[in-house]
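Visitor: I am new to this structure and would like to be led through it slowly, one question at a time. Could you show it to me before we begin?

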Amino acid sequence: MKRIGQFLYRLLRRLIQSGIVTWILFLLIWTFASSFYIENFFPNPWQTITGGWEVIANGKLFEYVCISSWRVFVGWILGFLFAVPLGILIGRVHILREIVEPFVNFFRFVPAIAFLTLFLMWFGVGEISKIILIAYSTWFIVLVNTLSGVQSIDETKLQAARTLGASEWQILYSIVLPSVVPYIFTGARLGLGSAFTSIVTAEMLAAKSGLGYMIYTSRLYFRIDWIFVGIITLGLLGYLSDRVMRLIGNTVLKKYGIAEK
């Protein structure tokens, strides 16, 4: 009996760690809550699956997933590529940090959606305005994390390297970059979440395609199940994207002290 109890305990622990128990509880709560409302107001899981199959069958869901994913990826990459070198530069040059830091600390509290109208006026209603909006929402998060990483470096290490005759470029590659990689990685993950938030809002207000557009326009047809499908799809995309980044952290960046579970 003791062995059976230990086996059941280990099995339950594995199920909890895998997330299966969490999702079962979520579906049970969802089903129970939906039983108090009509389908057009709060569909249950099976009704949502049925509605999801409709948008899968007509090809719209796949199309919108590809469009939204492309916008997020391009904007996120652009924001990341601009933020990392600038964050290192600001962190390494003291006078530049004193000049730029007030600007950064001011605008990083302004949400990206506040600039949507301006971006639409400046760059049009096409893809450029949405990509720039995502890049903006990513840029500040990665920049602040990179800057924090540079400032956290022990100054004694830098002085010791200079004493041994290392050039500034050697210090950058051998001390600064390895030290800030974990901060950059964290900023990239947080920036990806912000990118998904920004693209949904942008597609709701200024697009004719994408998951945000599908969620927003489904209300016109009283298709709450399609709204649920869009929300679930966004969650899955974000989850899978984060899992890919964790995999990169556990393999390519493991030597920098990154070990995501």
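Visitor: In which helix is L133 found, and is L133 buried or exposed?
Guide: In this predicted model, L133 is found in helix α7. Its relative accessible area is 0%, and because a residue under 20% counts as buried, L133 is buried.

Visitor: Which residues is L133 in contact with, leaving aside its neighbours within four places in sequence?
Guide: One of them is F119, which lies 14 residues away along the chain, with 7.4 Å between the two C-alpha atoms. Leaving aside neighbours within four places in sequence, the full set of residues in contact with L133 is A112, I113, F115, L116, F119, S198 and A202.

Visitor: T146 is also placed in helix α7; is T146 buried or exposed?
Guide: T146 has a place in helix α7, and neighbours within four places in sequence aside, T146 is in contact with V84, G87, I88, V180 and I184. Its relative accessibility is 0%, so T146 counts as buried.

Visitor: Which residue's backbone oxygen lies 2.7 Å from a polar atom of the side chain of T146?
Guide: The side chain of T146 has a polar atom that lies 2.7 Å from a backbone oxygen. The residue that supplies this backbone oxygen is V142.

Visitor: Which residues touch the most other members of the largest nonpolar core?
Guide: It helps to recall that in soluble globular proteins nonpolar side chains tend to be buried together. Here the largest nonpolar core has 27 residues, and the elements that give two or more residues to this core are α4, α6, α7, α8 and α9. Of these elements, α7 gives the most, with eight residues. The residues that touch the most other members are I88, V176 and V180.

Visitor: What does I88 touch, not counting residues up to four places away in sequence?
Guide: I88 is one of the residues that touch the most other members of the largest nonpolar core. When residues up to four places away in sequence are not counted, the residues that I88 touches are T146, V150, L172, V176, L177 and V180.

Visitor: How many residues are in the other core, which lies apart from that one?
Guide: Among the members of this other core are W76, L192, F196 and M245. The number of residues in this core is 26.

Visitor: At what angle do helix α4 and helix α5 pack?
Guide: Two packed helices are described by the angle between their axes and the distance between the axes. For helix α4, residues 60-92, and helix α5, residues 94-107, the axes are 5 Å apart. The helices are roughly perpendicular, and the angle at which they pack is about 115°.

Visitor: How do the residues of the contact of α4 with α5 divide into nonpolar, polar and charged?
Guide: From α4 come L89, I90, G91 and R92, and these meet H94, L96, R97 and V100 in α5. The residues of this contact divide into four nonpolar, two polar and two charged.

Visitor: P102 lies in helix α5; is P102 buried or exposed?
Guide: The C-alpha atom of P102 is separated by 28 Å from that of V72, which is 30 residues away along the chain. The relative accessible area of P102 is 53%, and because a value over 50% counts as exposed, P102 is exposed.

Visitor: What is the phi of F222 near, and where is F222 placed?
Guide: Most residues other than glycine have a negative phi. F222 is placed in the loop between α10 and α11, and at 61% relative accessibility F222 counts as exposed. Its phi is a positive value in a residue other than glycine, near 55°.

Visitor: T233 lies in helix α11; which residues is T233 in contact with, leaving aside its neighbours within four places in sequence?
Guide: T233 is buried, with a relative accessible area of 13%. Leaving aside neighbours within four places in sequence, the residues in contact with T233 are L61, V65 and L211.

Visitor: Finally, which residues does Y256 touch, not counting residues up to four places away in sequence?
Guide: Y256 is found in the segment after α11 and is partly exposed, with a relative accessible area of 28%. When residues up to four places away in sequence are not counted, Y256 touches P178, V181 and P182.

Methods: Residues are numbered from 1 along each chain as its sequence is written. This is a predicted model: local features need pLDDT of at least 70, side-chain atom pairs count only at pLDDT 80 or more; totals for chains, interfaces and linings use all residues. Side-chain values use heavy atoms; hydrogens and water are left out. Axes are lines fitted to C-alpha atoms, for helices over the stretch in contact, and angles run from 0 to 180 degrees between N-to-C directions. Helices (H or I, at least four residues) and strands (E, at least two) are DSSP runs, numbered from the N terminus. Angles under 35 degrees count as roughly parallel, over 145 as roughly antiparallel, 65 to 115 as roughly perpendicular and the rest as oblique. Contact means heavy atoms within 4.5 Å. Ala, Val, Leu, Ile, Met, Phe, Trp, Tyr, Cys and Pro count as nonpolar, Asp, Glu, Lys and Arg as charged, and the others, Gly among them, as polar. A nonpolar core is a set of buried Ala, Val, Leu, Ile, Met, Phe, Trp, Tyr and Cys residues joined through side-chain atoms within 4.5 Å. Buried means under 20% relative accessible area, exposed over 50%, partly exposed in between (1.4 Å probe, protein chains only). A polar contact is a pair of N or O atoms within 3.5 Å; within protein, one must be able to donate a hydrogen and the other to accept it, and residues adjacent in sequence count only if both atoms are side-chain atoms.
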